[in-house]
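Dear colleague,

I am passing on the structure that we spoke about, and below it you will find my notes on what turned up when I went through it. Please read them with the coordinates open beside you.

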Amino acid sequence: MKHSITFLLLLLPFLSPAQTYELGAGGGISINGKPTNNLYFRGDKLTVNYASYLSLLKNLKDDVQLGVDIHMLELSRKSSVAYDFEGKIIGGDNKRFVYAKYALSIDAFLNKKYYLGHNYIYGGIAMGLGIARNNSHNLPDNVSYGAPDGGYGLSVGAQVGYVYNIDSRWEVNAELDVRYYDFDYKAIAPIVRPFTNIHYRIVAYPLTVGVRYKFNYFKRPNATTGEQEIVK
């Protein structure tokens, strides 16, 4: 009984009708650093990659947001160094090393808001699961190396952003993120001896612009008419 009461108390901030939810989506660009650990083909030149996101957040208080977001971006670099691997030259040809064509992260995040009139800036932290997907068996002409498919591991990071209120429902936001991925694979790391599976860490910096839609999940009866109305 005591545990049930405690659980309900913890849920009260989410059940309050005075609180709003926001659904956001957007896209932009991303760059990333070198992979570390035992990934041999690292690349020494930055490339500009795509980035996109989908987020659902709840305003717990006037200045605190809690939510979940899904980021998807590409992880790649170029190399001025040519690697001789099993009789094949990799790199040194202005082509990409693609570590993940689709690097997906599903993170829970917590933001603090700082108001500038009707608009606000925010900053926060995030943590969740990262997944790296790739097709190393079918490389485009502009790709010199493709990492194996199926990396999994921790995703942690931080974000800062700016939100401009268009009206009571719609917002535009710009956000800069830092996402640190720690990927483990079941594939063997090339060149590394003794044999071991690929394991690397990498940091991405996506910059995105998107829109948010604010809505109220709960309704209450109007005191005069008795009809259900959205709490604003």
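Leaving aside its neighbours within four places in sequence, which residues is S55 in contact with? The model is a predicted one, and in it S55 is in contact with E22, L23, G24, V68 and D69. S55 itself is found in strand 3, which covers residues 49-61, and at 7% relative accessibility it counts as buried.

To set that residue in its surroundings, the protein chain has 1 helix and 14 strands, and of its 232 residues 40% are buried. If one takes the contacts between residues at least 6 apart in sequence, 66% of them join residues at least 24 apart. The chain exposes about 12800 Å², of which carbon and sulfur atoms supply 63%.

Aromatic side chains

The structure holds 17 aromatic pairs. One of these pairs is made by F41 and F85, whose ring centres are 5.7 Å apart and whose planes stand at 75 degrees, so the pair is edge-to-face. Because F41 lies in the loop between strand 1 (21-32) and strand 2 (45-46), while F85 lies in strand 5 (residues 83-85), the pair ties together parts that are 44 residues apart in sequence. F41 counts as buried, with a relative accessibility of 0%.

Y99 and Y200 form another aromatic pair, this one tilted, with 6.4 Å from centre to centre and 55 degrees between the planes. Here Y99 belongs to strand 7 (residues 96-116) and Y200 to strand 12 (residues 197-215), so that parts 101 residues apart in sequence are tied together. Y99 is buried at a relative accessible area of 0%, and Y200 is likewise buried, its relative accessible area being 0%.

F41 and F85 also appear in an aromatic cluster, which is formed by Y40, F41, Y83, F85, F97 and Y145. A ring and a charge meet at Y120, where the charged end of K113 sits over the ring at 4.6 Å from its centre.

Salt bridges

The count of salt bridges comes to 10. In one of them K101 is joined to E74, with the closest N and O atoms 3.5 Å apart; since K101 lies in strand 7 and E74 in strand 4 (residues 64-78), this pair ties together parts that are 27 residues apart in sequence. The partners are not equally covered: K101 is partly exposed, with a relative accessible area of 34%, whereas E74 counts as buried at 6% relative accessibility.

A further salt bridge is the one in which the side chains of D107 and R179 meet, at 3.1 Å from N to O. D107 lies in strand 7 and R179 in strand 11 (residues 170-188), so the pair ties together parts that are 72 residues apart in sequence, and both D107 and R179 are buried.

The side chains of K214 and E171 also meet in a salt bridge, with 3.8 Å from N to O. Because K214 lies in strand 12 and E171 in strand 11, the parts that this pair ties together are 43 residues apart in sequence, and here too both residues, K214 and E171, are buried. Finally, salt bridges that share partners join D69, D107, D177 and R179 into one network; D69 is also one of the residues in contact with S55.

Backbone points to check

Most residues other than glycine have a negative phi. Against that background, which phi does N37 have, positive or negative? N37 is not a glycine, yet its phi is positive, at about 65 degrees. N37 has its place in the loop between strand 1 and strand 2, and at 33% relative accessibility it counts as partly exposed.

N94 likewise has a positive phi of about 65 degrees although it is not a glycine. The place of N94 is in the loop between strand 6 (88-90) and strand 7, and N94 is exposed, with a relative accessible area of 53%.

With best regards

How values were computed
Residues numbered from 1 in each chain as written. Predicted model: local features only at pLDDT ≥ 70, side-chain atom pairs only at ≥ 80, totals over all residues. Heavy atoms only, no water. Helix = DSSP H or I, 4+ residues; strand = E, 2+ residues; numbered from the N terminus. Buried < 20%, exposed > 50% of the residue type's maximum accessible area, 1.4 Å probe, protein only. Contact = heavy atoms within 4.5 Å. Areas by Shrake-Rupley, 256 points an atom, 1.4 Å probe, with all protein chains shown as cover. Phe/Tyr/Trp six-rings, centres within 6.5 Å; stacked < 30°, edge-to-face > 60°. Lys NZ or Arg CZ within 6 Å of the ring centre and 35° of its normal. Salt bridge = Lys/Arg side-chain N within 4 Å of Asp/Glu carboxyl O.
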